[in-house]
Amino acid sequence: MAEKKRPLIIDCDPGIDDAECLLMLQGCGLFDILGIIPVHGNVPLAKTSVNALYLNNKYGINTKVIKGADQAIIVRNPRAEFAHGKTGLANMEINTDGLSFTDGYAWDFIWEKAKEYNGELELIAVGPLTDIAITVLKHPDIVKLVKRLVIMGGATTAGNASAYAEFNIHQDPHAAKIVFEAGFNLTMVGLECCYTGYLDQNDKQKVIDTAKKTSVGDLIEAFARFDEENIANWSVSEELKKNFYEHKVLCDAIAAAVCIDENIAKYMDLNVIVDVDGKLTMGQTVVDWFGFSGKPNVHVAMSVDRERFVNMYLDCIRSYGKEGA
Ligand code: BDR
Ligand code: CA
């Protein structure tokens, strides 16, 4: 008998790696995806939401797409067009004619589904945490109603949006603080963990060759082309560019892998506090390695098994195999 699918809601800001995350969560076949909630983030909500609507339809997810928050609770930090393109999806042409969003408020939807699934609902958030924070503020019992919350966000050493802050947390530090302190069964997949699951040149080619035989080939090829042209324009050292290019990191897809199979990662249970006051450190996920501040509140994913991740990613892509391919 087929195993019962795990109920899941995905909050995301597509976003190239958000798209890869969605492909994995759908492709693995393990989840009953109850809804996709696009949130502001990599690009404004007007674009993340259209991208989510497109991906939902194009790759057979066919679930409800309910718009989330269009801005952070307090701060207004720069978006990430430099990494995802002006549209958020590598400047691809997309068409959403005839598709529509599901009406309603994301935070009410999450809460209602959590109640309906009675402790079984899983949440994954791979963008700014605004929607999850609003859910906590409006429906505090959400914290105990969901089985677990996996986030891609935060860093244990250095940031990628500022010296100390990772992008998703930097976009809405106040929301992140609420979520980290709420009492969820929370798994943080931060930057350092994602870096351990990089794709090397060989893997990148394998991904393209595999994808070409499937219905996600165009998307994966467009992402690869975009990357090649885009990284060249970044204002970072040549050494760093080379490193980015040779070690491709799909952050949100790593969070998807942790969601699919938690055994793919190694963890430490730690107390992590989001700094919302620091001049240099606003948005930093401050990790208390020695436990000065009390009880651990986060399962911090420290590393993933790289080979397993690459194979899992390839398997998920294969699931989109074209008829007869
Ligand atoms: C995160 O920032 C975004 O640009 C990505 O989509 C990912 O969620 C990585 O820091
Ligand atoms: Ca994202």
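## Start at the loop before helix α1

Gly15 sits in the loop that runs between β1 (6-12) and α1. Keep in mind as you look around that this is a predicted model. The peptide bond leading from Pro14 to Gly15 is cis, and its omega angle is near -15 degrees.

Move along to helix α1 and you will find Asp18. Is Asp18 buried or exposed? Its relative accessible area is 0%, and buried means under 20%, so Asp18 is buried. To get a feeling for distances, try Asp18 and Glu116: they are 98 residues apart along the chain, and their C-alpha atoms are separated by 26 Å.

## The calcium ion

Now turn to ligand 2, the calcium ion. Which residues coordinate the calcium ion? They are Asp13, Asp18, Val126 and Asp252, at 2.3 to 2.6 Å. Asp18 appears twice in the list of donors, each time through OD, while Val126 contributes O. Asp13 and Asp252 each take part through OD.

Written as a sequence pattern, the spacing of these donor residues is D-x4-D-x107-V-x125-D. One pair here links distant parts of the chain: Asp18 belongs to helix α1, Val126 belongs to the loop between β4 (122-125) and α5 (130-138), and 108 residues separate them. Val126 has a relative accessibility of 0%, so this residue counts as buried too.

## Around ligand 1

How many residues surround ligand 1? There are 13, and the closest are Asp17, Asn42, Asn160, Glu166 and Asp252. Asp252 is a name you have met already, as one of the residues that coordinate the calcium ion. Sorted by class, the shell around ligand 1 holds five nonpolar, four polar and four charged residues. Three helices each supply at least two residues of this shell: α1 (16-27), α7 (167-171) and α13 (251-260).

Some atoms of the protein can be paired with oxygen atoms of the ligand. A polar side-chain atom of Asn160 is 2.9 Å from an oxygen atom of ligand 1. For Val126, a backbone N or O atom is 3.0 Å from an oxygen atom of ligand 1. Asp18 brings a polar side-chain atom to 3.1 Å from an oxygen atom of ligand 1. On its own, ligand 1 has 280 Å² of accessible area, and the protein covers 94% of that. Asp18 and Val126 also appear among the residues that coordinate the calcium ion.

## Aromatic rings

Next, look for pairs of aromatic rings. The count comes to six aromatic pairs. Take Trp234 and Phe244 as an example: their ring centres are 5.1 Å apart and their planes meet at 80 degrees, so this pair is edge-to-face. Trp234 lies in the loop between α11 (217-231) and α12 (238-246), whereas Phe244 lies in helix α12, ten residues apart. Is Trp234 buried or exposed? Trp234 counts as buried, with 17% relative accessibility. Phe244, at 35% relative accessibility, counts as partly exposed.

Phe290 and Phe292 make another aromatic pair, this one tilted, with 6.3 Å from centre to centre and 55 degrees between the planes. Both Phe290 and Phe292 are exposed. Ring pairs also join Phe82, Trp234 and Phe244 into a cluster.

## Helix α8 and some turns of the backbone

Helix α8 covers residues 173-181, and its buried residues are Pro173, His174, Ala175, Ala176, Val179 and Phe180. Just after α8 comes Gly183, with a positive phi of about 105 degrees.

Where else can you find a positive phi? Ala90 has a phi near 55 degrees, a positive value in a residue other than glycine. This residue is in the loop between α3 (81-84) and α4 (106-116), and with 10% relative accessibility Ala90 counts as buried. Asn118 is also a residue other than glycine with a positive phi, near 50 degrees. You will find Asn118 in the loop between α4 and β4. At 66% relative accessibility, Asn118 counts as exposed.

## Far along the chain, 8.5 Å in space

Finish with Gly29, which is in the loop between α1 and β2 (31-38). Gly29 is partly exposed, with a relative accessible area of 35%. How many residues separate Gly29 and Ser319 in sequence? They are 290 residues apart, and in space their C-alpha atoms are 8.5 Å apart.

How values were computed
Residues are numbered from 1 along each chain as its sequence is written. Chains are lettered from A and ligands numbered from 1 in the order in which they are written. This is a predicted model: local features need pLDDT of at least 70, side-chain atom pairs count only at pLDDT 80 or more; totals for chains, interfaces and linings use all residues. Side-chain values use heavy atoms; hydrogens and water are left out. A residue is near a molecule or strand if one of its heavy atoms lies within 4 Å of it. A polar contact is a pair of N or O atoms within 3.5 Å; within protein, one must be able to donate a hydrogen and the other to accept it, and residues adjacent in sequence count only if both atoms are side-chain atoms. Accessible areas come from the Shrake-Rupley method with a 1.4 Å probe; for residues, only the protein chains shown count as cover. Helices (H or I, at least four residues) and strands (E, at least two) are DSSP runs, numbered from the N terminus. Ala, Val, Leu, Ile, Met, Phe, Trp, Tyr, Cys and Pro count as nonpolar, Asp, Glu, Lys and Arg as charged, and the others, Gly among them, as polar. Donors are N, O and S atoms within 2.8 Å of the metal (3.2 Å for Na, K and Ca); water is not among the atoms, so sites may look incomplete. Buried means under 20% relative accessible area, exposed over 50%, partly exposed in between (1.4 Å probe, protein chains only). Rings of Phe, Tyr and Trp (its six-membered ring) pair if their centres lie within 6.5 Å; planes under 30 degrees apart count as stacked, over 60 as edge-to-face and the rest as tilted.
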